[in-house]
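Student: I have a close-up request today. Could you walk me through one part of this model, slowly and at the bench-chat level?

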Amino acid sequence: MQAVILANGEFPKSKKCLEILKNAPFLIACDGAVAPLHELKIEPSVVIGDLDSIDSRLKALYNPICVNEQNSNDLSKAFFYAHKWGYNDFIFLGLNGKREDHALANIFLLFEYFKFCKKLQAISDYGIFRVLETPFILPSFKGEQISLFSLDFESKFTSKNLKYPLKDLRLNTLFCGTLNEATHNFFSLYSTPKSVVLVYQKF
């Protein structure tokens, strides 16, 4: 089952993202993210968070779920709420913008969420993040901008159809797999041993 989670970052404006929000089978708004949804007359299935960024009028309208504990952020509260109800396919929107530290935390939390679900992607007006286990093949196009991030500094990675090929390379810094480019209509990544990678493809 698929859930769409809207974080309280930069609200997406692209046609692709707005269609995802309008057609979501199950849509969770993180706290104050309900405000732009309300303006567009898109009704979330659930509003959840510590409720520090939602006004009293919207609280009365949407009866949000308040989770007061501060050991996790609103994105995690939303994810684990949906996971508890059996959702295992996730699309995240609104992860970036407003505060860079929040954006970085949200993006790298995707590694943690991947342990609990079969599929997840984070989409913005600018591109898409996916968390994938090697080996994998992804559709692409010549010239598409690709970045790879890993928290596994021991596995050795080998790529196919990237302008700057990886050949038994350890991604032992966060930047050394970034700013690459596809050379074909697909690219692939293998590693020894298997590993989990965050892949960014620019639209």
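Student: To get my bearings, how many helices and strands are there in the chain? After that, please zoom in on residues 127-197, the stretch that UniProt annotates as "domain: Thiamin pyrophosphokinase-like substrate-binding".

Tutor: Happy to. Bear in mind that this is a predicted model, where local features need pLDDT of at least 70, side-chain atom pairs count only at pLDDT 80 or more, and totals for chains, interfaces and linings use all residues. Residues are numbered from 1 along each chain as its sequence is written, and side-chain values use heavy atoms, with hydrogens and water left out.

Your count first: the chain has five helices and 14 strands. Those are DSSP runs, numbered from the N terminus: H or I of at least four residues for a helix, E of at least two for a strand. For 203 residues, a compact globule would have a radius of gyration near 17 Å, and the chain's 18 Å agrees with that. (That radius is taken over C-alpha atoms, and the globule rule is 2.2 Å times the number of residues to the power 0.38.) Along its principal axes, the C-alpha trace spans about 55 × 35 × 30 Å. Buried residues make up 49% of the 203, where buried means under 20% relative accessible area, exposed means over 50%, and partly exposed falls in between (1.4 Å probe, protein chains only).

Now your part. The label on residues 127-197 comes from an unreviewed UniProt entry; such annotations may be inferred rather than shown by experiment, feature names are shortened, and positions follow the numbering used here. In the model, this span is 0% helix and 49% strand, and its end C-alpha atoms sit 16 Å apart.

Let's start with V131, which lies in strand β7. V131 has a relative accessible area of 2%, so it counts as buried. Leaving out anything up to four places away in sequence, V131 touches L110, F111, F114, L120, V196, V197 and L198, where touching, or contact, means heavy atoms within 4.5 Å. V199 is 68 residues from V131 along the chain, yet their C-alpha atoms are separated by 6.2 Å. Links of that kind fit the wider picture: among contacts between residues at least 6 apart in sequence, 61% join residues at least 24 apart.

Right after β7 (127-133) comes a loop that leads to β8 (136-139), and P135 sits in it. The peptide bond between T134 and P135 is cis, with omega about -5°. Worth remembering here: most peptide bonds are trans, and most residues other than glycine have a negative phi. Farther along, T192 and P193 are joined by another cis bond, with omega near -10°. P193 belongs to the loop between β13 (186-192) and β14 (196-202).

Next, L148, in strand β9 (residues 145-150). With 2% relative accessibility, L148 counts as buried. Its contacts, again skipping residues up to four places away, are L162, L166, L171, L174, G177, T178, L189, V197, L198 and V199. So what does L148 share with V131? V197 and L198 turn up in the contacts of V131 and in those of L148. For a sense of distance across the chain, R57 is 91 residues from L148 in sequence and 42 Å away in space, C-alpha to C-alpha.

Two backbone spots deserve a look as well. N161 has a phi near 70°, a positive value in a residue other than glycine. N161 is in the loop between β10 (156-160) and β11 (169-170), and a relative accessible area of 18% makes it buried. L179, which is not a glycine, has a positive phi of about 60°. Its place is the loop between β11 and β12 (180-181). Unlike buried N161, L179 counts as exposed, at 68% relative accessibility.

If you are clicking through the viewer, try V131 with V199 for the 6.2 Å C-alpha pair, then P135 and P193 for the cis bonds, and finally N161 and L179 for positive phi.
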